[in-house]
Amino acid sequence: MTAPPSESRSIGLMLGSVLLFAVNALLIRGIHMHVPAADGWVASLFRGAVGMVVVIAMFGWGRGLELSHLFTRPLLAFRGLLGGFGILAFYITVVHLGAGRAVIINLSYPMFGSLFAAWWLKEHLTLRSWLWMIAGFVGLVIFLGSDFDGGIGGYDLLALAGAVAAGGVVTLIRLLRDREHTSSIYASQCLASFAFALWPAAAPTMTLSPGVISLMVGAAIIVAIAQLAMTYSYRTLSVARGSSMQMLLPLLTATGGYLLFDETFTSVGIAGAVLTLMATWQVVRRPKTSTRLASNRQSA
């Protein structure tokens, strides 16, 4: 996972990560419905702890992972702290706002990521891509719009802060892709997630049965693979294109909710989903000329 993948492989890995993220979210939701103690803090704790074990098992002992870099490389440490905060903000707002409202606010992160990438990485985003990305976001608003009936409160602002953090994270991944191994980039997030959730989640975790713990570990392994695939794909994909594909996540999650938890959708919501799918495809289907030329210069 040191050499950059081909663009088609990166797209496949990114789409695969979206599917795995959706499976993880549905699994966590199902567990929490049956065992309330297995909340977002506990999920974050398992995500950090198990993720670190996975990344050490796959890339430790001279295979790319540099644990010392988590403490000696400021940019890598900042990526971990920012990612850890974003994960906790998402889980907290899912509990207090509901999944629909929290997800739609969080999925505004491609906008922030594109702005940060244009500022830090000098990535060029065409007007056409901006318009389609905005259209995709509007589609998500329509799809989950029934959750926006109330006013804006403190948890809405926390969700927005989490979205800004997520936009910064994907930009930092792109910035770190040629400086750090994929495993080290992911390990920084695992360490921060574990540290942030350890105190609030320690007591509830002790009450879980072995079966529930096994399911939480399985969910954490799934999300670890998803995170590694996403991080690796950013070695080739721009922030705008990669994060646009991640906008498919709430659609897949909602489909799983319909099949597994008897959730229903209106015709207007389905129309919003179709708009997001079409907009995401429009952003992904053509590589930007500037990005292609930059890649050619790097390989020359």
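Helices here are DSSP runs of H or I with at least four residues, numbered from the N terminus. The model is predicted. Helix α10 (residues 210–233) ties the topics below together: α10 gives the most to the lining of the largest cavity, with 4 residues. It also packs against α1 and comes within 9 Å of α9, axis to axis.

**Cavities**

- A search of the whole structure finds 3 cavities of 30 Å³ or more.
- The largest cavity has a volume of about 50 Å³.
- Its lining is made up of N24, I28, A43, F46, R47, Y91, M216, A219, A220 and V223.
- Three elements each give two or more residues to this lining: α1 (7–34), α2 (40–59) and α10.
- By class, the lining has 8 nonpolar, 1 polar and 1 charged residues.

**α1 against α10**

- The axes of α1 and α10 lie 8 Å apart, and the helices pack at an angle of about 160°.
- Angles over 145 degrees count as roughly antiparallel, so α1 is roughly antiparallel to α10.
- The crossing of α1 past α10 is left-handed.
- Residues in the contact of α1 with α10 divide into 20 nonpolar, 5 polar and 1 charged.

**α9 against α10**

- Helix α9 covers residues 182–206.
- The axes of α9 and α10 come within 9 Å and cross at roughly 130°.
- That angle falls outside the ranges for roughly parallel, perpendicular and antiparallel, and α9 and α10 are therefore oblique to each other.
- α9 passes α10 in a right-handed crossing.
- On the α9 side, the contact is made by T182, S183, I185, Y186 and Q189.
- On the α10 side, V223, A224, Q227, L228, T231 and Y232 take part.
- By class, this contact has 6 nonpolar, 5 polar and no charged residues.

**Where the topics meet**

- V223 is in the lining of the largest cavity, and V223 of α10 is also in the contact with α9.
- α1 is among the elements that give two or more residues to the cavity lining, and α1 also packs against α10.
- The handedness of the two crossings can be set side by side: α1 passes α10 in a left-handed crossing, whereas α9 passes α10 in a right-handed one.

How values were computed. Residues are numbered from 1 along each chain as its sequence is written. This is a predicted model: local features need pLDDT of at least 70, side-chain atom pairs count only at pLDDT 80 or more; totals for chains, interfaces and linings use all residues. Side-chain values use heavy atoms; hydrogens and water are left out. Axes are lines fitted to C-alpha atoms, for helices over the stretch in contact, and angles run from 0 to 180 degrees between N-to-C directions. Angles under 35 degrees count as roughly parallel, over 145 as roughly antiparallel, 65 to 115 as roughly perpendicular and the rest as oblique. A crossing is left-handed if the near helix is turned anticlockwise from the far one by less than a right angle, and right-handed if clockwise. Contact means heavy atoms within 4.5 Å. Ala, Val, Leu, Ile, Met, Phe, Trp, Tyr, Cys and Pro count as nonpolar, Asp, Glu, Lys and Arg as charged, and the others, Gly among them, as polar. On a 1 Å grid over the protein atoms alone, a cavity is a set of points where a 1.4 Å probe fits but cannot get out, and a pocket is an open set with protein on both sides within 12 Å along at least five of seven lines; lining residues have an atom within 4 Å of a point. Grid points are joined across faces, edges and corners, and a volume is the space filled by probe spheres set on the points.
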